[in-house]
Amino acid sequence: MPELPEVETVKRGLAPSLEGAVLSNVRLNRPNLRYPFPDHFAERLNGAAVVRLERRAKYLLAYMDTEDIWVTHLGMTGRFQVTPLGDNAAKALDGNYYHSIDTGAKHLHMSVVATALKERSVSANKGDQTHLIDYYDPRRFGFMLLLTPEELSASKWFQGLGVEPLDGALNADFLMAQFAGRAANLKTLLMAQGLIAGLGNIYVCEALYRARLSPDMAGRDLAPDGAERLSAAIKSVITEAIAAGGSSISDFAATSGELGYFQHRFKVYDRKGQPCLTQGCAGLIERKVHTGRSTFYCATCQK
DNA sequence: CCCACGACCTGTGGGC
DNA sequence: TGCCCACAGGTCGTGG
């Protein structure tokens, strides 16, 4: 399940085939994911071109040359797969092309063909410029929306979003101000998308470990030096995870099918009972639950 | 406003 | 081998 680094990895994987491409052959294999697909979803995307792809928090945004922004949230298990169509490109541009490579795949819910604009003007038959983009999502916690910019900023999904972890607005002062007076623990506060947007269970655990802060500390008890370490830890863990192509646990994969490799650098996540990796620390990693989510931490070096 | 919890889904892995 | 339970990257809505 994708947190910010995985969504960023997906965005980068989709960009070469989607940006500057015209969409066609939108196919829905079921009426809904977490929510119903938007009204007239296929009609509104077919024939439209993707101007640019962006990521906000864990949302993927495709700005179309129409009024629409095609928004995707991957939920826990959403995954895009990009396949060059090669010799099938010509058929793909024919409205009758039954385009999914395996339409019977159990969790393949949506597909679309993307054809590079400049290529289309020269020859529509060049397969390396036409891609099939398939969306899989076993648990269907993901969803897709079509919104105008105004609708997007007013929507319940976007209007309350907090700062991006890598934005300059996230710093020690911000944390001190936002956590002041808060009785909730650091784990819960860092998970709240309305404060910092994009962190999830893995990277919150890893950031708290790097900052040597207990997940149980009340927000109001965070001291300035701790806030400094926490801000730096969030930025470093997210930056490194993006550079590593995200984390592949169970089923996350980039659009090419390649796995991220940040999971090999986890210091605490899913390491219950294993030795703390801090030099000279004899502690063992523990697991406990905060607000329904597993937290992994070292009680010896996280205070 | 703040917070905890259930719900939404399917798959997998561990224990017996 | 099979069964059952716990748990999995998220977040929305509800109720206290």
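These notes cover a sheet, two helix packings and a DNA contact surface in a predicted model.

1. Basis. Local features need pLDDT of at least 70 and side-chain atom pairs count only at pLDDT 80 or more, while totals for chains, interfaces and linings use all residues. Residues are numbered from 1 along each chain as its sequence is written, chains are lettered from A and ligands numbered from 1 in written order, and side-chain values use heavy atoms, with hydrogens and water left out.

2. The sheet. Four strands make an open, antiparallel sheet in the order β2-β3-β4-β8. Strands are DSSP runs of E with at least two residues, helices are runs of H or I with at least four, and both are numbered from the N terminus. Two strands pair if DSSP finds at least two bridges between them. β2 (50–56) and β8 (143–147) are the edge strands, each pairing on one side only. The average turn between neighbouring strands is 20°, direction ignored.

3. Inside the sheet. β3 (residues 59–64) and β4 (residues 69–73) run antiparallel and are joined by five bridges. Tyrosine 59 has histidine 73 of β4 as its bridge partner.

4. A helix on the sheet. Helix α1 (residues 4–18) lies across β2, β3 and β4, at about 175° to β2. Axes are lines fitted to C-alpha atoms, for helices over the stretch in contact, and angles run from 0 to 180 degrees between N-to-C directions. Contact means heavy atoms within 4.5 Å.

5. Helices α6 and α9. The axes of α6 (residues 172–179) and α9 (residues 224–243) come within 8 Å and cross at roughly 120°. From α6, the contact involves Ala172, Leu175, Met176 and Phe179; from α9, Pro224, Ala227, Glu228, Leu230 and Ser231. These residues divide into seven nonpolar, one polar and one charged. Ala, Val, Leu, Ile, Met, Phe, Trp, Tyr, Cys and Pro count as nonpolar, Asp, Glu, Lys and Arg as charged, and the others, Gly among them, as polar.

6. Surroundings of the DNA. Residues near DNA strand B (a heavy atom within 4 Å) include Lys106, His107, Arg139, Phe141 and Thr291. The surface residues divide into four nonpolar, two polar and four charged. Of the strand B atoms within 4 Å of the protein, 63% belong to sugar or phosphate and the rest to bases.

7. Polar contacts to DNA strand B (pairs of N or O atoms within 3.5 Å). A side-chain N or O atom of arginine 182 is 2.5 Å from a phosphate oxygen. For alanine 184, a backbone N or O atom lies 3.0 Å from a phosphate oxygen. Arginine 140 places a polar side-chain atom 3.4 Å from a sugar or linking oxygen.

Definitions and conventions
Polar contact = N/O pair within 3.5 Å; in protein donor to acceptor, adjacent residues only side chain to side chain.
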